[in-house]
Amino acid sequence: MVISLFHRHRQGLAVLMLAAAVLVTMAVKRADISSAGKSSPVSSTAESAPPASSASGAAASGKTAAAAATGGQEMRAVWVPYYTLDMSGQQQKGKDVFLKHYTEIVQNAKARGMNALVVHVRAFSDAMYPSKLYPWSHLTGCTQGTAPGYDPLKEMVRITHGAGLQFHAWINPLRVQLGAAPSILAEGNPWNRFSKDSAKAGWAASCKSGKYLDPGWEGVRQYIADGAAEVAANYDVDGIQFDDYFYPEDSDDSFDAASYRAYCAGKKAGEVLSRQDWRCANINDLISRTYRAIKKSRPQAVFGVSPQGNLENDRKIGADAAAWCQAEGYVDYVCPQVYYNYNNPILPYEKAVHSWRSLVTAKGVKLYFGLGMYKADTSADSGSWSGSTDIIARQIKTARAQHCDGFMLFAYDDMMAPGRQQEVQNVMKMFS
């Protein structure tokens with residue numbers, strides 16, 4: 001891995017340019033919504049906003065990739081989260097057991113009309129594959145950092161493609177540990193590695209919910225982008241996806257106090273972004289860096305993000321999702337998680353769909369909708385999902401009327417739950 005260190009004598013000019021770029025982007029976003037050593041914590045404009053020349057070339061290859069990835073078909077994917085793959089609590093472990101389990105996942109998904117799987121390959125700053133940047137995942141059934149004796153990602157891609165389905169590698173970019181999971185962090189985990197390096201000691205931080213990488217440091221953003229590029233370079237994945245977890249929801253000013261203090265150092269009051277705008281600028285930079293890194297490693301692979309469906313909640317965690325929809329060079333697709341019923345009092349499903357449809361204006365950016373199969377026939381949202389077996393099917397019909405490009409269902413275990421099979425059957429009719 002190469003960590004890019006930003007020379008301090010360029011910081012003043014870079015900050016002014018970044019501030020201008022970010023404020024313009026946010027102004028566009030707000031207008032649209034209303035109508036509907038330690039590396040530098042600040043990057044240059046060329047790193048935080050997609051440059052016209054490189055972004056246009058990458059976007060062109062991205063458009064080709066987006067079309068090729070679905071074969072011109074509507075995206076019909078299901079998320080396969082880390083807990084579905086987790087072998088750590090199983091008595092029977094090893095390659096044969098894992099491959100049998102995963103083969104069943106692929107067969108079940110295909111039988112229910114899916115043409116793609118979005119599979120968790122890095123959930124806790126660890127990896128379901130041999131990596132030069134991250135330790136082995138404990139999900140293989142071993143302690144984090146211990147090789148399982150085979151390459152799960154290589155096998156999963158092979159099995160998925162063998163069944164005629166796409167494979168999208170799902171990455172949680174910032175999370176290291178959620179509560180006490182995983183219970184043991186390997187020596188090679190970034191939390192431990194960074195703490196032993198005086199130049200990177202602040203690159204990971206903790207809050208009440210757990211441990212996370214701090215994207216306020218440019219080196220962290222490049223590290224994450226390098227990790228995505230590593231997957232794209234070494235595996236025949238159809239795409240890579242970031243989920244909706246960016247700055248932890250319970251992070252206060254202490255979480256990134258060091259990186260924000262370094263950003264503010266030596267600047268006048270008018271030159272300093274608010275902490276919230278600065279956090280959004282950091283995530284925008286992370287997304288654009290990752291996009292370029294993936295395109296360089298595997299131009300035909302698509303890069304997408306699945307943000308929360310409520311844009312106000314996205315902004316609270318530093319995700320300026322509207323910007324990614326309105327400018328080339330960030331993503332090939334966006335898949336908002338519109339896990340709302342039609343009568344949701346805060347954000348009804350139909351209103352959410354219309355809002356996102358109006359946001360996606362950048363050429364070549366596809367719009368998928370994440371649908372909450374996990375809520376079907378439950379007491380969620382004041383019981384508004386209970387007693388019905390066709391909500392997801394109706395949501396597909398509503399979204400199609402807005403000319404979306406497909407759907408992703410959360411999640412595999414919920415799709416397979418015995419009590420939801422009538423709902424699944426109705427979805428299958430929509431996919432037939």
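This is a chat about the strands, helices and salt bridges of a predicted model.

User: Let's start with the barrel. How many strands close into it, and in what order?

Analyst: There are 8 strands, in the order E1-E2-E3-E7-E8-E9-E10-E11, and the pairing is parallel.

User: Pick out strand E3 for me. Is it buried or exposed?

Analyst: E3 is mostly covered, with 6 of its 6 residues buried. Gln166, His168 and Trp170 point one way from the strand, while Phe167, Ala169 and Ile171 point the other way.

User: Which strands does E3 pair with, and over how many bridges?

Analyst: E2 and E3 run parallel and are joined by 6 bridges. E3 also runs parallel to E7, joined by 4 bridges.

User: Which residues sit opposite each other there?

Analyst: Between E2 and E3, Leu117 has Phe167 as its bridge partner. On the E7 side, Trp170 is partnered by Gln241.

User: And what about E10 and E11?

Analyst: Strand E10 (residues 366-372) and strand E11 (residues 406-410) run parallel, with 5 bridges joining them. Gly370 stands opposite Met408 in E11.

User: Which strands does H5 lie across?

Analyst: H5 lies across strand E1 (75-80), E2 and E3, and runs at about 150 degrees to E2. Helix H10 (residues 275-297) packs on the sheet too, touching strand E7 (239-242) and strand E8 (302-305). The direction of H10 makes about 160 degrees with that of E8.

User: Back to E2 and E3. What unit do they make with H6?

Analyst: E2, H6 and E3 make a right-handed β-α-β unit.

User: OK, so tell me about H6. Which of its residues are buried?

Analyst: In helix H6 (residues 152-162), the buried ones are Pro152, Leu153, Glu155, Met156, Val157, Ile159 and Thr160.

User: What do those pack against?

Analyst: They pack against helix H4 (82-85), helix H5 (95-111) and helix H8 (218-234), plus strand E2 (116-122) and strand E3 (166-171).

User: What's going on at the ends of H6?

Analyst: At the N-terminal end, Asp151 acts as a cap, with a side-chain oxygen 3.2 Å from the backbone nitrogen of Leu153. Just after the helix, Gly164 takes a positive phi of about 85 degrees.

User: Changing topic: how many salt bridges are there?

Analyst: The count comes to 18 salt bridges.

User: Give me one from a helix. What does Lys100 pair with?

Analyst: Lys100 forms a salt bridge with Glu104, and their closest N and O atoms are 3.0 Å apart.

User: Why would that pairing work, geometrically?

Analyst: Lys100 and Glu104 are 4 residues apart in helix H5, so about one helical turn separates them. An α-helix has 3.6 residues a turn, so residues three or four places apart point the same way. Side chains of opposite charge can then pair when their charged atoms come close.

User: Are those two buried or exposed?

Analyst: Lys100 counts as exposed, at 54% relative accessibility. Glu104 is partly exposed, with a relative accessible area of 35%.

User: Which residue does Glu187 bridge to?

Analyst: Glu187 meets Lys196 in a salt bridge, at 2.1 Å from N to O. Glu187 is exposed, and so is Lys196.

User: What about Arg394 and Asp390?

Analyst: Their side chains meet in a salt bridge as well, at 3.4 Å from N to O. Arg394 is partly exposed, with a relative accessible area of 36%, and Asp390 counts as partly exposed at 30% relative accessibility.

User: Which residues do shared salt-bridge partners join into one network?

Analyst: Glu218, Arg221, Asp285 and Arg289 are joined into one network that way.

User: Last topic, the open sheet. What's the strand order?

Analyst: That sheet has 3 strands in the order E4-E6-E5, and the pairing is antiparallel.

User: Which strands are at the edges?

Analyst: Strand E4 (175-178) and strand E5 (204-207) are. Each has a single partner strand, so one side of each is left without a neighbour in the sheet. On average, neighbouring strands of this sheet are turned by 15 degrees against each other, direction ignored.

User: And how many bridges hold E5 and E6?

Analyst: E5 pairs with strand E6 (residues 210-213) in the antiparallel sense over 4 bridges. Ala205 stands opposite Tyr212 in E6.

Notes: Residues are numbered from 1 along each chain as its sequence is written. This is a predicted model: local features need pLDDT of at least 70, side-chain atom pairs count only at pLDDT 80 or more; totals for chains, interfaces and linings use all residues. Side-chain values use heavy atoms; hydrogens and water are left out. Two strands pair if DSSP finds at least two bridges between them. Helices (H or I, at least four residues) and strands (E, at least two) are DSSP runs, numbered from the N terminus. Axes are lines fitted to C-alpha atoms, for helices over the stretch in contact, and angles run from 0 to 180 degrees between N-to-C directions. Buried means under 20% relative accessible area, exposed over 50%, partly exposed in between (1.4 Å probe, protein chains only). Contact means heavy atoms within 4.5 Å. A polar contact is a pair of N or O atoms within 3.5 Å; within protein, one must be able to donate a hydrogen and the other to accept it, and residues adjacent in sequence count only if both atoms are side-chain atoms. A salt bridge is a side-chain nitrogen of Lys or Arg within 4 Å of a carboxyl oxygen of Asp or Glu. A crossover is right-handed if, with the strands pointing away from the viewer, the path from the first strand over the helix to the second runs clockwise.
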